[in-house]
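Here is a short report on the fold and on one residue of interest. Keep the sequence and the structure open while reading.

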Amino acid sequence: MTLRAVYADLDGTLLGPGGSLYTIPSGLSERGAEAVGRLLRAGVELVLVSGRTREQMREAGRILFAKAAIAELGALIVERDEAFAETVVTNYGAYTGHATPFEAMAHSGAGGFLLERYRGRLEPHTPWAFQDREATMLMRGHLDPAQATVALADNGYNWLGLLDNGVIRRTYEGLDVEEVRAYHLVPRGVNKMSGVAMHMQRRGWKRDDAAAVGDSLSDAQMAAAVGRTFIVGGRDPALVDSPDNLEIVEEPAGDGFARAVEALLN
């Protein structure tokens, strides 16, 4: 196996509490930063994959010397050349309209339908929910996303689905739930796996040319596109079944990312 790229989630994987490359839940650690340097020196491309917007990904990409980023949970593939000029490719799945998917969701009332149906269990993930999103709506709470997707279809929103993007380790006054998770309302067919697969096809890479590292169910889906996938911080409770090429790393955040890089390069 010749490793060409590592697709890495940001929050909870490369970045710890506060969104820092140097924090882990127990304090400070430089292991994640060192692992990024080791990857780059080995000639392996770092590609960021996140639910963040492409604007939010731009500076992270520059800081981490990532040549590409997959934003909004797979909906936008952003490639950078040596002069930092960007090429943006959309991955809108079942959506074929002329407006952006976000605008179509807002116009259709799909977001409001979910917020009303799951009142007290779901709310916008402020302030990030309102920061220049193009393809997905960002919410937080706790529910069954598969059941919510069925409810969407039953009420005329059959081009949409709800995806779980992992645990948010804090509480919110407006939510009466046992734990808080991030959710993205997306066009059907949009996810991190489809975004990674599209980027790999553009680069001419085969499955074994790439690996992925993340911390949630949405990251585990990347295992269908790459040779090896690592989930850091222990097993996400939402991850019921594990594909054969998925490995659980108990260490969280940057320390877990470093452990994954060690396994890939040694």
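Is His 142 buried or exposed? The model is predicted, and in it His 142 has a relative accessibility of 16%. The cut-off for buried is under 20%. His 142 therefore counts as buried.

**Around His 142**

His 142 sits in the loop that links β9 to α5 (145-154). Its side chain makes a polar contact of 3.1 Å with the side chain of Glu 178. Glu 178 also appears among the contacts of His 142 beyond four places in sequence. The others in that list are Arg 121, Val 177, Glu 179, Arg 181 and Tyr 183.

**The four-stranded sheet**

Strand β9 belongs to an open sheet of four strands, ordered β8-β9-β11-β10. Pairing here is antiparallel. The edges are β8 (122-124) and β10 (160-168), and each of them pairs on one side only. Direction ignored, neighbouring strands of this sheet are turned by 30° against each other on average.

Which strand does β9 (residues 137-141) join over five bridges? That partner is β11 (residues 180-187), and the two run antiparallel. Within β9, Arg 140 faces Ala 182 of β11. Helix α3 (residues 101-108) packs on this sheet and touches β9, β10 and β11.

**The eight-stranded sheet**

A second open sheet holds eight strands. Their order is β7-β6-β5-β4-β1-β12-β13-β14, with mixed pairing. Why is one side of β7 (86-90) and of β14 (246-249) left without a neighbour in the sheet? Both stand at the edges with a single partner strand each, so one side of each has no neighbour there. From one strand to the next, the twist averages 20°.

At the β7 edge, five bridges join β7 to β6 (residues 76-80). These two strands run antiparallel. Leu 76 stands opposite Thr 90 in β7.

Two helices lie across this sheet. Helix α2 (residues 54-64) crosses β4 (45-49), β5 (68-71), β6 and β7. Helix α8 (residues 253-265) covers β1 (5-9), β4, β12 (210-214), β13 (228-232) and β14. Strand β4 is thus listed for α2 and for α8.

**Helix directions**

The table gives the angle of each helix to one strand of its sheet.

| Helix | Strand | Angle |
|---|---|---|
| α2 (residues 54-64) | β4 (45-49) | about 155° |
| α8 (residues 253-265) | β13 (228-232) | about 155° |
| α3 (residues 101-108) | β11 (residues 180-187) | about 100° |

Notes
Residues are numbered from 1 along each chain as its sequence is written. This is a predicted model: local features need pLDDT of at least 70, side-chain atom pairs count only at pLDDT 80 or more; totals for chains, interfaces and linings use all residues. Side-chain values use heavy atoms; hydrogens and water are left out. Two strands pair if DSSP finds at least two bridges between them. Axes are lines fitted to C-alpha atoms, for helices over the stretch in contact, and angles run from 0 to 180 degrees between N-to-C directions. Contact means heavy atoms within 4.5 Å. Buried means under 20% relative accessible area, exposed over 50%, partly exposed in between (1.4 Å probe, protein chains only). A polar contact is a pair of N or O atoms within 3.5 Å; within protein, one must be able to donate a hydrogen and the other to accept it, and residues adjacent in sequence count only if both atoms are side-chain atoms.
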